[in-house]
Amino acid sequence: MRALFSPVRLFHHNQPLMNAAAIFFITTLFYFIGAQLRLVEELSLFWPLNAVMAGVFARYAFLNHWRYYMVSYVAMILYDGVTTSWGVASLVINFSNMVFIVTLAWLVQREQRASRTAPLPINALNLFGYCLIAALLCALCGASGSMGIVLNQDFLLLFGDWFSEQFSTGVLIVPCVLTVAWPRVAVLTLRDLLPVLALAVSVMGSVVIGGAGSLAFPLPALIWCAVRFPLPVICLLTLVTGGVEIILVANSIINIFVASPQEMPRMFSARLGIATMAICPVIVSVSVQTINRLIQQVALRADFDFLTQVYSRSGLYEALNHDSKHFSRKHLSVMLLDVDYFKRVNDSYGHECGDSVLKTFARQVRNVVGDDGVVARMGGEEFAVVAATSGPEEGYRLAERIRATIAEHPFVWQAQTLRLTVSIGVSHGQAQPRQLTEVFNKLLAGADEFLYQAKKAGRNCTRMGVDVERSAAPVVF
């Protein structure tokens, strides 16, 4: 599967009124959704508002201000005022909602501030703990406020209901909100859908087999999905899987107890178990993305010369293999360039000046070569150019343009002008796709011999074959 995502931008740092309106709308919308879910027995276990708003405030740091939190709180109070008769109890219950939202958002933002270069929106393992803390504080307030609304209900049962609901929905929903993005490109194959198929089969297996252990059946399939899919996709899959399992347990379709237990202890255990399972593939997905990013960074450092920003020696071979169609079955001109008397620059002006000269030199060579070839630093002051040309004469003329450009553009270092020259050796040939590396190595050895001849001839010149040098037209600038 190949999927590219663009970030979802609902809020903007310099538009406080629009931000407040968006927060009011989202709060009201998910309050309405939660209230409607309460009316359906199978879905009455979900209260998505707190997790969604906590994710919103955690994702956008500039929203963490008391006025935006007040907008969300007022939206809850107004909704209750229109649709219920809870009175003062509504203030307490919605305050407990805000406790979860503010606590979780503050903890996430605190971690992101502490990790300045965090490549991911949140550490998944820490998020598990943050949801736990926020759910505990929310449950204390919510259970106390619910005593006046839910009659004949024990405080501990209310606390367990609040805690398990807030914790499970937080673990399932917050990662989705933190990572949600618009898909730009998605190319799916049948092989890509196998992990999702395995996930569906594992959930059906939970229904057929039953027992407490059946809740963990989807875990291997979720981890398989975590390895194959991007983080936003795996967060969505864990949300759907966890939500489906909670509904199945609540309706005894997945029977996790042999005997008929009390309803609340059963759901308390089920919610906690499902939430614990759901965070595992998120952790795996975050770890896989981090490893892939590190591999890319290591490969980038290995393939490119840090100083001059051109290919390294190993990177040159990777570039040739990666773009073999551009170089195969075409005439190749391989050049070795050596900055004349570069040691004198380091000895006279210092290595800082030498580094600056090499960076400028590489940039000028790259500008001359353009899209016709690739440039690499082979070591020290020696560079290589590989270009697909129409013939040896064109390769010789390209080398001469490089040599003349360096000679005619002086380098400036601390108000001092340095005039440098370059010696170039050029060899030419043609290769089939499977022989590209072998032929390139031979041409590189030939270019090295011609470079030696250029230095022996007095430097600041290009050496190729005598016949080619004579037949090539003069270089015009």
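Q: Why is Ser146 of helix α5 called buried?
A: Ser146 belongs to helix α5, residues 124–146, where a helix is a DSSP run of H or I with at least four residues, numbered from the N terminus. Buried means under 20% relative accessible area, exposed over 50% and partly exposed in between, with a 1.4 Å probe and protein chains only. Ser146 has 5% relative accessibility, so Ser146 counts as buried. The model is predicted: local features need pLDDT of at least 70, side-chain atom pairs count only at pLDDT 80 or more, and totals for chains, interfaces and linings use all residues. Residues are numbered from 1 along each chain as its sequence is written, and side-chain values use heavy atoms, without hydrogens and water.

Q: What does Ser146 touch?
A: Leaving out residues up to four places away in sequence, Ser146 touches Ile93, Leu158 and Trp162; contact means heavy atoms within 4.5 Å.

Q: What makes Asp80 buried?
A: Asp80, in helix α3 (residues 66–83), has a relative accessible area of 2%, and is therefore buried.

Q: Why are α4 and α6 called oblique to each other?
A: Their axes come within 12 Å and cross at roughly 40°. Angles under 35 degrees count as roughly parallel, over 145 as roughly antiparallel, 65 to 115 as roughly perpendicular and the rest as oblique, so α4 and α6 are oblique. The contact is made by Ile93, Ser96, Asn97, Phe100 and Leu104 of α4 and Trp162, Gln166, Gly170 and Val174 of α6.

Notes
Helices (H or I, at least four residues) and strands (E, at least two) are DSSP runs, numbered from the N terminus. Axes are lines fitted to C-alpha atoms, for helices over the stretch in contact, and angles run from 0 to 180 degrees between N-to-C directions.
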